[in-house]
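Visitor: I'd like a close look at one part of this model, please. Start from a single residue and its contacts, then walk me outward from there.

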Amino acid sequence: MALKAKYIWSNGKFIPFKEAKIHIINHSLHYGSAVFEGIRCYQTPKGPAVFRLKEHIDRLFHSADVMGFKVPFSKGKIIKITKELVRKNNLKECYIRPIIYYSEKMGLLPNDASINIAIAAWPWGKYLHKDSISVKVSSFARIHPKSSVMTAKISGHYANSVMTALEAKKAGFDEALLLDWKGDIAEGPGENIFFVRKKILYTPKKGTILPGITRESIMKIAHGLGHRTIGRNIKVKDLKSFNEAFFVGTAVEVNAIGKIDKIIFGKGEEGKITKEIKEAYLDTVRGKIKKYNKWLNYVE
Ligand code: PMP
């Protein structure tokens, strides 16, 4: 699907998609100082709805704070504009990418650089293209939590993610898995991870990961389905003890992991509990489970 739509909202105005450009001498392009979000909007029985929009905008403002941006719009205004953008582009299901970035400025301190905020939205289908993927434990460690603020979604963090994804692809795998500086399993380059053993779900604790909004939703959904979820430190040597594994995230949604390096989970296909969780998640985001409709923000 084309990474395209009719309009982008940029610094207070809706402008044609192809006019949303930046200058080459851009602070955030050179130094990774932008902050951004990844959000999805889904078709529901009551029309398109953005999933957990408030939580995403809260995280955007938190990330902005970390990078020293004073956002010139309120959270409420950004929420309103996000929905207006989906409507104006006549999108039913789409991915939404707000980004806050500095303008032209060289030298690390962004002092007098102006602050920009833009929101793009476009139709974006499945992020990983297989129902069950192969994953390579990366030779790169996840960023040390003392080197940055891991709860913030900072563009510079994604240099680490891009390198791990390239390394995994080159070795013939679909995706990467990063360990933290202690050697514990952290997360994928753009996803959180869950493991299943005897109907109990395990996921790495907060601290060195981006604590995903999907991760939190999945913990609640799993609990609603009668599964216990436990946040704990997980080592590579523990992998053999799990029956299933899956990635979660806004872009990836829920995606089964068939193998990590040489360790195969079950038959290497989507496991039973992964399937149950995936279906419940997709029903949740599409407004089919009433108790989770509080997470939907209708566009109309
Ligand atoms: N970890 C990383 C590194 C990510 O980029 C993402 C995607 N934002 C996630 C986890 C999942 O976060 P969320 O569920 O909030 O999309």
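Guide: Let's begin with Met 106: if we skip the neighbours within four places in sequence, it is in contact with Ile 25, Asn 26, His 27, His 30 and Tyr 31. Contact here means heavy atoms within 4.5 Å. Before going on, keep in mind that this is a predicted model, where local features need pLDDT of at least 70, side-chain atom pairs count only at pLDDT 80 or more, and totals for chains, interfaces and linings use all residues. Residues are numbered from 1 along each chain as its sequence is written, and side-chain values use heavy atoms, with hydrogens and water left out.

Met 106 itself sits in the loop between S6 and strand S7 (115-122). Helices (H or I, at least four residues) and strands (E, at least two) are DSSP runs, numbered from the N terminus. Met 106 counts as partly exposed because its relative accessibility is 35%. The scale goes like this: buried is under 20% relative accessible area, exposed is over 50%, and partly exposed is in between (1.4 Å probe, protein chains only). For a sense of scale, Met 106 and Asp 283 are 47 Å apart in space, C-alpha to C-alpha, and 177 residues apart in sequence.

Now hop over to one of those partners, Asn 26. You'll find it in the loop between strand S2 (13-16) and helix H1 (27-31). With a relative accessible area of 2%, Asn 26 is buried. Its contacts, again without neighbours within four places, are Tyr 101, Tyr 102, Ser 103, Glu 104, Lys 105 and Met 106. The Asn 26 side chain also reaches the backbone nitrogen of Leu 29 at 2.8 Å. That is a polar contact: a pair of N or O atoms within 3.5 Å, where within protein one must be able to donate a hydrogen and the other to accept it, and residues adjacent in sequence count only if both atoms are side-chain atoms.

Next, helix H3. Leu 85 lies in it, and Leu 85 counts as buried because its relative accessibility is 0%. Beyond four places in sequence, Leu 85 is in contact with Tyr 7, Ile 8, Trp 9, Phe 14, Ile 119, Ala 120 and Ala 121. Pick Lys 169 instead and you'd have to cross 34 Å from Leu 85, C-alpha to C-alpha, for a pair 84 residues apart in sequence.

Two loops flank our helix in the chain. Val 71 is in the loop between helix H2 (53-66) and H3. At 19% relative accessibility, Val 71 counts as buried. Outside its neighbours within four places, Val 71 is in contact with Phe 61, Ala 64, Ile 100 and Ile 117. Its C-alpha atom is 9.9 Å from that of Leu 60, eleven residues away along the chain.

Asn 90 is in the loop between helix H3 (75-88) and strand S6 (94-102). Asn 90 is exposed, at 58% relative accessibility. Its phi is positive, about 55 degrees, although it isn't a glycine. Most residues other than glycine have a negative phi. Lys 199 is another non-glycine with a positive phi, near 70 degrees. Look for Lys 199 in the loop between strand S11 (192-197) and strand S12 (200-203), where it is exposed with a relative accessible area of 57%.

Further along, Ser 134 lies in strand S8 (residues 132-141) and is buried, with a relative accessible area of 12%. Leaving out neighbours within four places, Ser 134 is in contact with Gly 172, Phe 173, Asp 174, Glu 175 and Lys 259.

Last stop, the ligand. There are 16 residues around it, and Tyr 158, Glu 187, Ile 213, Thr 214 and Thr 250 come nearest; to count as near, a residue needs a heavy atom within 4 Å. Arg 59 has a side-chain N or O atom 2.9 Å from an oxygen atom of the ligand. A polar side-chain atom of Lys 153 is 2.8 Å from a ligand nitrogen atom, while a backbone N or O atom of Ile 213 is 2.8 Å from a ligand oxygen atom. The protein covers 96% of the 380 Å² of accessible area that the ligand has on its own (Shrake-Rupley method, 1.4 Å probe).
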